[in-house]
Each structure stands twice: as structure tokens, then as C-alpha cells.
Amino acid sequence: MGENIHILVGTMTGTAELVADEILDTLLDKGAEAEISLMDDLRADAVSAADTVIICTSTYGQGDVPDNAQALLESLKEAKPDLSSVRYGVFALGDMTYAQTFCFGGKQFDETFQELGAKRVGDVRLHDASSGSLPEDEASDWAADWYEELVA
């Protein structure tokens, strides 16, 4: 039995997409069914129709979600769908140089999902670009641990 996981990507420069690719490869290796979708044209129904979602997003500007993720986040806040049947994880990218808004893109999705009743699996992964480690290098280990918690 493979889990069907939707990896939703919010990105400005493509880094979150690279991270999502690593997460996807790891999940497929674990036997999950998974797919990546850029958030560009997604609305709340894309989340409410899913069983399991990973939000993989960077933070942009003054702690904002990337441009391609704004419509999805707003749609979730306006439509307020019941997400109580949705399990999710968050891999958030940020830069601690901007401590006051560090990883706010991912944190905003996490907060919204919580408010709508979704069940988070594991902790939100906060990657710090100023740490010197590449997020795509950490994505595989995170995804493996996250998946083990999901199916436990």
C-alpha cells in the first residue's frame, strides 16, 4: 500500500523546486505514490481533495510566500475548507539573516493548515540558507524521517 502524497511547491528562484525533487525521489524509493505540483494555479480545492500534502516553500520579501503561492494561501484563508482529513508536512526555506521573518512562507501555510483542521505529521522543517548547507542535501533525510512517521 503506497501513500499518495502531493508535494506543493511555492518558489521564486527554483530552489524549493530542487528540494521538492529530492523529497519526491525519497518518497518514491520508500514506495509512496507522489507527485509535484507548482502552486501557480492551485486553489483550496486542490488541498481539500488530497489525503496527504507536503508544502515545500521558500520565503520572499518581508516574510511573504512566493508569488506563485499567494493565490493558494489566500484561497485557503477565504474558502476555509475543512481539512480535518488531510495530513501534511512542511519543508520551509528561509534565511536567518532575516530573523524576524525567518521561514515565514512555510510558517504561514502551517498556521493556515492548523486553523483548518489538518493534521501535521512531524515538525516543520526550517532550512536556513545562511547555514552553509544546501536545502536539497537535507531534503532526502527529512523526507525519509517524515514518511516513516506518516506510515507509523
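## Cysteines, helix faces and salt bridges

With a relative accessible area of 0%, Cys-103 counts as buried (under 20%; exposed is over 50% and partly exposed in between, using a 1.4 Å probe and protein chains only). This is a predicted model, where local features need pLDDT of at least 70 and side-chain atom pairs count only at pLDDT 80 or more, while totals for chains, interfaces and linings use all residues. Residues are numbered from 1 along each chain as its sequence is written, and side-chain values use heavy atoms, leaving out hydrogens and water.

**Exercise 1.** Work out why Cys-56 has no bond to Cys-103.

*Solution.* Start with the cut-off: a disulfide is a pair of cysteine sulfur atoms within 2.5 Å. Next, take the sulfur of Cys-56: its closest cysteine sulfur, in Cys-103, is 11 Å away, so that's too far for a bond. Cys-56 is also buried, at 0% relative accessible area. Finally, searching the whole structure turns up zero disulfides.

**Exercise 2.** Check the span of helix H3 and find where its buried residues sit.

*Solution.* Helices are DSSP runs of H or I with at least four residues, strands are E runs of at least two, and both are numbered from the N terminus. The expected span is 1.5 Å times one less than the number of residues. For the 13 residues of H3 (67-79) that gives 18 Å, and the end C-alpha atoms are 19 Å apart, which agrees. Now list the buried residues of H3: Asn-68, Ala-69, Leu-72, Leu-73, Ser-75 and Leu-76. They cover an arc of only 155 degrees around the axis, so they lie on the same side of H3 (the arc is taken from the directions from the helix axis to the C-beta atoms). Then see what covers them: strands S1 (4-10) and S2 (33-38) and helices H2 (44-48) and H4 (104-115) are included, with contact meaning heavy atoms within 4.5 Å. Just past H3, Lys-80 has a positive phi of about 50 degrees.

**Exercise 3.** Find which parts of the chain the salt bridge between Lys-30 and Glu-148 ties together.

*Solution.* The criterion is a side-chain nitrogen of Lys or Arg within 4 Å of a carboxyl oxygen of Asp or Glu. In the Lys-30 and Glu-148 pair, the closest N and O atoms are 3.3 Å apart. Lys-30 lies in the loop between H1 and S2 and Glu-148 in helix H5, so the pair ties together parts 118 residues apart in sequence. Lys-30 is partly exposed at 38%, and so is Glu-148 at 41%. In total, the structure holds three salt bridges.
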